[in-house]
Number of protein chains: 2
Amino acid sequence: MRIVVLAGGIGGARFLSGLKSAVPDADITVIGNTGDDIHLFGLKVCPDLDTVMYTLGGGINEDQGWGRTDESFTVKEELAAYGVGPTWFGLGDRDFATHIVRTQMLGAGYPLSAVTEALCDRWQPGVRLLPMSDDRVETHVAITEAGTGERRVVHFQEYWVRLRASVDAEAVVPVGAEQAKPAPGVLEAIAAADVIIFPPSNPVVSVGTILAVPGIRDAVASAGAPVVGLSPIVGGAPVRGMADKVLAAVGVESTAAAVALHYGTGLLDGWLVDTSDADAVAEVEAAGITCRAVPLMMTDVEATAEMARAALELAEASR
Amino acid sequence: MRIVVLAGGIGGARFLSGLKSAVPDADITVIGNTGDDIHLFGLKVCPDLDTVMYTLGGGINEDQGWGRTDESFTVKEELAAYGVGPTWFGLGDRDFATHIVRTQMLGAGYPLSAVTEALCDRWQPGVRLLPMSDDRVETHVAITEAGTGERRVVHFQEYWVRLRASVDAEAVVPVGAEQAKPAPGVLEAIAAADVIIFPPSNPVVSVGTILAVPGIRDAVASAGAPVVGLSPIVGGAPVRGMADKVLAAVGVESTAAAVALHYGTGLLDGWLVDTSDADAVAEVEAAGITCRAVPLMMTDVEATAEMARAALELAEASR
């Protein structure tokens, strides 16, 4: 079975752990969001790709969901001693090595997809991890500064990590997406898929950014495979992160049903909501999307595997 | 008193510690060798500049004479886990931060001299540290591989650190030197100096490389200030390092007298040899260079300060 998953960071990575556990023999291609990539200290950092790679490769800090386990912060402390920031982005020493290798390879002329493949040679994530694009796309957010009232456009990471989404996102723009091309293999994987899954990743800045790369949305919409998604919103709030802030920016309510309708019947064949959102099923189905309510809390790998099984069953039912 | 010192790495840095101690109020400009610079992991590494900066700024690993104190090697281990080398060059985590800051600034368009000044803002070395040039110069060494008999040209660091000078240096070439320009301030500092000192640095790959940058040798030769040097060869062998190997490459015997004559009367006004080489004094003086024999072992800062005082006295005597 060939499965394609459009993944962001923590939510996507944890879902993939469950999916691998549920169908260990499946051929899984992950199309990773690179809209949260950022250049820090002259190094190319790809947080979502790395979270998937570290999680599936056994190197993740399980507690925080991102970054490396057994991490130290000597380099970061030294950079701060030089007065070089930002200090709000927590790059550890082990993590720095990944960014150094990536930046060196990019500098030598390798595209991000080749670099990602080389990094995965070490991590053996058990999936084929493709960046959505080899071209630079960086999501930016328009905000009004709380103190000064100044309107600014900040990098998504500054909005998410430094400001912790404490002010409204007035607009979310994947800068560069319009000019970007899908990375080699992305459209082919979508076309050849037996199932396409939107994991409980952020619908705007993760899955939405991937779909913003010209060609990817159309490929998903016209794919022969059923497309099923899992709601990242449970009981009217994001399971983790601050998805409600960026959903508001695109005029979408933070409900399991509203996110399904945001993707729409043009993309989605099936949608899973949490059992606590069972009353959303009728609304989603009324819109023409097959919907079921199952437990959607990724408390451990087995609970997540059960979610993955439910998604695959829903895909069969939507075929 | 304005003192200009042409410095390599460990020998130059330790001498400068003694010089600062001997004449704390002097205005010292260090023209640092950049011929041993190397790009590692996509980062610009300047071993000699950093050794001077760390030594005078209190950050050096005193025992080994290079690298940072209290160092860890997490990044290096991770790079090795990615299969990314070289593994023979010992970059520690603290040291990596310096190279990351430098590389980022160079990438942003700052010349190496401005970068060095910015790094020194943190370290406050108490001297003005100038790279010999903002242009890329990298010393290469022609060798014959011990095992295969293959002739190769290797980067100086590969010769020095990986091979530990275990084979003969058949030629030593400061690649790029002919096209390089002295960094801003270098010629001005030499012209304005009251004393110019060649510390006991390597005469070929440290001081020699600095002098190979067009304009610097002439500026030293035509400076109004006396030029005095301290022999890095004591008792027919280098005090540290493997200077004999690279001296042989330029046809110079590893003796205190031969090194003085290699610099020659065109450059040197005075030369200090170790007391164990007192018999060299007559030969050096016969060539027209004022020479004295004093203890030249930099066993501690006070012994080194005494050497610096002897050099300054010799400069007065040669004036």
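**Close-up 1. Helix α11 of chain A lies across two strands in this predicted model.** Welcome to the first view, where helix α11 is made of residues 256-263 of chain A. The strands it lies across are β9 and β13 of chain A, with β13 covering residues 270-273. The direction of α11 is at about 160° to that of β13(A).

**Close-up 2. Seven strands of chain A form an open sheet.** Reading across, the order is β5-β2-β1-β9-β10-β13-β14, and the pairing is parallel. At the edges sit β5 (128-131) and β14 (290-293) of chain A, each with pairing on one side only. From one strand to the next, the twist averages 20°.

**Close-up 3. Helix α1 of chain A packs on the sheet.** This helix spans residues 10-22 and touches β1, β2, β9 (195-198) and β10 (227-230) of chain A. Its direction makes about 160° with that of β1(A).

**Close-up 4. Strands β1 and β2 of chain A run parallel.** Here, residues 2-7 make up β1 and residues 27-32 make up β2, and six bridges join the two strands. To find your way, look for A:L6, which stands opposite A:I31 in β2(A).

**Close-up 5. One cavity of 30 Å³ or more is found in the structure.** About 30 Å³ of space lies in this largest cavity. Its lining is formed by A:Q64, A:W66, A:G67, A:R68, A:E71, A:F73, A:G90, A:G92 and A:D95. Sorted by character, the lining has two nonpolar, four polar and three charged residues.

Technical notes
Residues numbered from 1 in each chain as written. Chains lettered and ligands numbered in written order. Predicted model: local features only at pLDDT ≥ 70, side-chain atom pairs only at ≥ 80, totals over all residues. Heavy atoms only, no water. 1 Å grid on protein atoms, 1.4 Å probe; cavity = no way out; pocket = protein on both sides within 12 Å on 5 of 7 lines; lining within 4 Å. Points joined across faces, edges and corners; volume = space filled by probe spheres on them. Nonpolar A, V, L, I, M, F, W, Y, C, P; charged D, E, K, R; others polar. Pairing = 2+ DSSP bridges. Helix = DSSP H or I, 4+ residues; strand = E, 2+ residues; numbered from the N terminus. Axes fitted to C-alpha atoms, helices over the stretch in contact; angles between N-to-C directions. Contact = heavy atoms within 4.5 Å.
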